[in-house]
Amino acid sequence: MKKSIASIALAAVLVLTGCGGAGTTTTGAADSKAAQEAPKIPDLTGGWKQSNPNSEKSYQQATITADKMTIEWVTDGGNTTSIYWVGTFTGPTTASEPYTWTSKKDVDATKSALLASGDATKEFKYEGGTISYKVSALGTTTTVNLKKN
């Protein structure tokens, strides 16, 4: 009789311990999965290249630092670069997309650049790994899309 009671007690302890352990593991796995799926704030600093050029030898490229962005026209297959935009940059603080910002032109850095934008400010949008903005030249406006190098 004592062996039966001891066996039942041991089985009950194992069942309760097993249930508690399984619940903890499931919760831990769910927490881990949620942490892995949490969206990250995009890092837009670095080099970018136009993904929708009209020619492989002529396109735009950009360099973004913590507080500045520079965009250049690239021609001759990369042998010639001309400044299009130098301005302020403020990176995203959340993972929400689309992320938009207004860049204020650095007048001193662009005053002697013949192919620089005439705009005082320029609107940019980041969404799905692409930065996009409008470019106007010779009466034609197009949207440039940049992908990170």
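In the hairpin of strand 6 and strand 7, two residues lie between the strands, and G128 takes a positive phi near 60°. Helices and strands here are DSSP runs, numbered from the N terminus; a helix (H or I) needs at least four residues and a strand (E) at least two. The model is predicted, so local features need pLDDT of at least 70 and side-chain atom pairs count only at pLDDT 80 or more, while totals for chains, interfaces and linings use all residues. Residues are numbered from 1 along each chain as its sequence is written, and side-chain values use heavy atoms, with hydrogens and water left out.

Stay with G128 for a moment. G128 is found in the loop between strand 6 (121–127) and strand 7 (130–137). Is G128 buried or exposed? G128 counts as exposed because its relative accessibility is 57%. The cut-offs are these: buried means under 20% relative accessible area, exposed means over 50%, and partly exposed lies in between, with a 1.4 Å probe and protein chains only. Apart from neighbours within four places in sequence, G128 is in contact (heavy atoms within 4.5 Å) with E97 and K147. The C-alpha atoms of G128 and Y99 are separated by 9.9 Å, and these residues are 29 apart along the chain.

Now follow the strands on either side of that loop. Strand 6 and strand 7 pair in the antiparallel sense over three bridges. Strands count as paired if DSSP finds at least two bridges between them. E127 stands opposite T130 in strand 7. Strand 6 also pairs with strand 5, again in the antiparallel sense, over six bridges. There, W101 stands opposite F124 in strand 6.

Strand 6 has two faces. K122, F124 and Y126 point to one face and are buried. T121, E123, K125 and E127 point to the other face and are not buried. On the buried face, the charged end of K122 sits over the ring of W85, 5.9 Å from its centre. The rule for such a charge is that NZ of Lys or CZ of Arg is within 6 Å of the ring centre and within 35 degrees of the ring normal. Elsewhere, the charged end of K49 sits over the ring of Y59, 4.6 Å from its centre.

Next come the aromatic rings. A pair of them is described by the distance of the centres and the angle of the planes. Rings of Phe, Tyr and Trp (its six-membered ring) pair if their centres lie within 6.5 Å; planes under 30 degrees apart count as stacked, over 60 as edge-to-face and the rest as tilted. How many aromatic pairs does this rule give? The count comes to six. One of them is F89 with W101, edge-to-face, at 5.3 Å centre to centre with 85° between the planes. This pair links distant parts of the chain: F89 is in the loop between strand 4 (80–88) and strand 5 (99–104), W101 is in strand 5, and they are 12 residues apart. Both F89 and W101 are buried. F124 and Y133 form a tilted pair, at 5.1 Å centre to centre with 50° between the planes. F124 counts as buried because its relative accessibility is 2%. Y133 is buried too, with a relative accessible area of 2%. F89, Y99, W101, F124 and Y133 form one aromatic cluster.

Y133 leads on to Q60. A polar contact of 2.5 Å joins the side chains of Q60 and Y133. Such a contact is a pair of N or O atoms within 3.5 Å; within protein, one must be able to donate a hydrogen and the other to accept it, and residues adjacent in sequence count only if both atoms are side-chain atoms. Q60 lies in strand 2 (residues 59–64). Why does Q60 count as buried? Its relative accessibility is 0%. Leaving aside neighbours within four places in sequence, Q60 is in contact with ten residues' worth of partners, among them K49, W73, Y84, Y133 and V135.W73 belongs to a second hairpin region. Strand 3 (residues 68–75) and strand 4 pair in the antiparallel sense over eight bridges. In strand 4, the bridge partner of W73 is S82. Four residues lie between the strands of this hairpin, and D76 takes a positive phi near 55°.

Finally, step back to the whole protein. There are two helices and eight strands. Along the sequence they follow the pattern α-β-β-β-β-β-α-β-β-β. Buried residues make up 23% of the 149 residues. Among contacts between residues at least 6 apart in sequence, 41% join residues at least 24 apart. The protein exposes about 9800 Å², and carbon and sulfur atoms supply 57% of it. Accessible areas come from the Shrake-Rupley method with a 1.4 Å probe; for residues, only the protein chains shown count as cover.
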